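Trainee: Could you walk me through this structure and tell me how its labels are earned?

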Amino acid sequence: MSAAPKISIRGLKKYFGRKKVLDGVDLDVGVGESVVVIGGSGSGKSVLLKCILGLLPPEAGSIKIDGEEVVGISSSERERVNRKFGMLFQGAALFDSLSVWENVAFGLIQAHGMSKAEAKPIAIQNLAAVGLTPDVGDLSPAELSGGMKKRVGLARAIASRPEIIFFDEPTTGLDPIMSDVIDKLIVKCVKELGATAVSITHDMKSARHIANRIAMLYGGKIIWTGPVADIERAPNEYVDQFVHGRAEGPIQMQVRA
Amino acid sequence: MNFLAIIGRVFLGFLGAIGRLTLFTIRAVVHAVAPPWYFRQIGRQMLEIGYFSLPVVGLTALFTGMVLALQSYTGFARFSAESAVATVVVLSVTRELGPVIAALMVAGRVGAAMAAEIGTMRVTEQIDALVTLSTDPQKYLVGPRLTAGLLMLPCLVLIADIIGVFGGYLVGVYKLGFNPAAYLKRTYDYLTFDDVYSGLVKSAVFGFLISLMGCYHGYHSEGGAQGVGRATTNAVVSASILILVFDYVLTQIFFGPK
C-alpha cells in the first residue's frame, strides 16, 4: 500500500439505539487497491459503506478521502466529494422513471453538467463496456433481468470515471454463471479505470475473485485484514469459520435483532 | 409512573415529528426556490398533477354544482328564496367547494402516488443512488413536486369553478325551470373578484400541502412494501386533514369578522 491511503477510516462508530453496529472500525484503502470487506449478515458491512458515502452520519470517528475529512461536511462539499465515487447497489437501484441510457448518463448530466446529446454516446459506450448492446439503452429498467440490471448499475457506476468505486453485494441474487460474469466485469472495469475499489460481500468466491486485500468485520470492528492469498490460512478462528462456512465456531448467528 | 412515561414518550414523539416536518418543509422550500431548477421534472409533475387530474376533478365539480343547486333550491323553497340558488351555487363553488373538493380529490390521486413513488425509491435505494451521483434527492424529488403542486392546483380549481357553476346552471335551468338569462345574471351580479381570488389562494396552499405530505411521508418511509403502504395512507390522511384545517384558517383570514 502507498504511504497516503485513498480512504482512511479511524475509530468509526455507528449505533442504532442501543445496538452498536460499528464500534471503532479502522481501515485503510490504498490508491488503486481493491479491498473486500467480508462479514455475516447484519455485521454492519452496508452501514460502513453508507457512512463512507455520507448516507448515514456516524456517531464518532474519522473518514478521510484523499486526506480530506468527510465526516460532518456540508451537503455541497459532500456533492463535490461524491463526484469521486461510483457505486453499484445490491439491487442496482436504477431509476424506474428513466430509460436505461438515461440511468447510465445520470451522473454525467446532473453532476458534471453535460448535455443529453453529449452524454448519450458515452452512456452507450459504457453499456458496451459491460457487454450490453445499444438497443438496451432505450429499454426501461423494469424490462431487464437481474443480471442485466447489475450490468447497467455497473455501467452507471463507471460512467463518470470515478476514482473510487463501491460495490454492495455485487453477486447477491445472481446465478453462479452470472456472478462470475459480474465479478470479471468488476475486475476489468476497475483495472481499466485505475480506480480504487471497496466491496462488501459474504460471497467468498466473489471476494477471492475481485479482492487484492480482504478485511473481516465482526462485532463492529475489523478483526482481520490481509492479502487475498492469506485468507485460507488466516490465523484467526472467526475468519476461518466464516471462510469455510461452518456453523460451529466462535461466531454465533443471531436469530433475533 | 408507567402511565406518565407513556404520555411523555408519546408527547416527545409528537414533538419530534413536528420538528422533522418543519425542517423538511424549510429545506424543501429552499430547494424549490434556489437554482438549479429541474424543469423537466417540474413539467412532468405539472402534467401529472394538473392534466391527468382534470377528468376526476371536473367530474366531481360538475356533480357538486348540480347537487348544490338541487339542495339549495329545496331548502330555500321553504321561505320562498328560490331566486338565490344561482348566487349560492357560484359563491359556494368559488369560495369553498371548488378548492376543497378538487384538493381532496388530488390528495387521493396525486398525494398517494407521490408517497408511493418516493417511498419505493427509498426502499429500493434509489434515493441513496441519487446521493452517490452527487444529486441532492430533496432538490431533485421534492422541489419540483412542491412547485408543480403550488402552480397546478389553482389552474385545476379555476376549471373546477367553471364546471361546478355550469353543473348548477344545468340543474337550475333544465330541472328546476329557471330562466337561463336570469340564472346567469344572478350568477354574475353577486360574484366578486375576491370570491374567485380567495379560492385560488386557498387552492395554491392546498397544492403545496398535498405535495409536501406526499413527499414527506414517501421520503421517510421504511420497512419495505408495508412501509410504502403506510406512507401512502399517511400522506392522503394528513393532507386531507391539513386541507380542512387550512381551509378554516384561510376562510377566517379572508372573510372572518375583523
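Mentor: Happy to; we will take chain B, then a hairpin in chain A, then the contact of the two chains. This is a predicted model, in which local features need pLDDT of at least 70 and side-chain atom pairs count only at pLDDT 80 or more, while totals for chains, interfaces and linings use all residues. Residues are numbered from 1 along each chain as its sequence is written, with chains lettered from A and ligands numbered from 1 in the order in which they are written.

Trainee: What makes up chain B, in helices and strands?

Mentor: Chain B has 9 helices and 0 strands. Both terms refer to DSSP runs numbered from the N terminus: helices are H or I with at least four residues, strands are E with at least two.

Trainee: Why is B:V196 called partly exposed?

Mentor: A residue is buried if 20 or more other C-beta atoms, placed from the backbone, lie within 10 Å of its own, exposed if 12 or fewer, and partly exposed in between. B:V196 has 18, so it is partly exposed. Across chain B, buried residues make up 45% of the 258 residues.

Trainee: Where is B:V196 found, and which residues does it touch?

Mentor: B:V196 is in helix 8 (residues 193-219) of chain B. Leaving aside residues up to four places away in sequence, B:V196 touches B:T94 and B:D161. Contact here has a cut-off: the C-beta atoms, placed from the backbone, lie within 7 Å.

Trainee: How do you know that strand 9 and strand 10 of chain A pair?

Mentor: Pairing requires that DSSP finds at least two bridges between two strands. Strand 9 (residues 213-218) and strand 10 (residues 221-227) of chain A are joined by 6 bridges and run antiparallel, so they meet the definition. One of the partnerships links A:A215 with A:T225. The hairpin has 2 residues between the strands, and A:G219 takes a positive phi near 60°.

Trainee: How many residues does each chain give to the contact of chain A with chain B?

Mentor: Chain A gives 17 residues and chain B gives 11. Helix 2 (75-82), strand 6 (85-88) and helix 3 (100-110) of chain A each supply at least two residues of its side.

Trainee: What makes a residue on that side nonpolar, polar or charged?

Mentor: Ala, Val, Leu, Ile, Met, Phe, Trp, Tyr, Cys and Pro count as nonpolar, Asp, Glu, Lys and Arg as charged, and the others, Gly among them, as polar. By that rule, the side of chain A that touches chain B divides into 9 nonpolar, 6 polar and 2 charged residues.

Conventions
Two residues are in contact if their C-beta atoms, placed from the backbone, lie within 7 Å.
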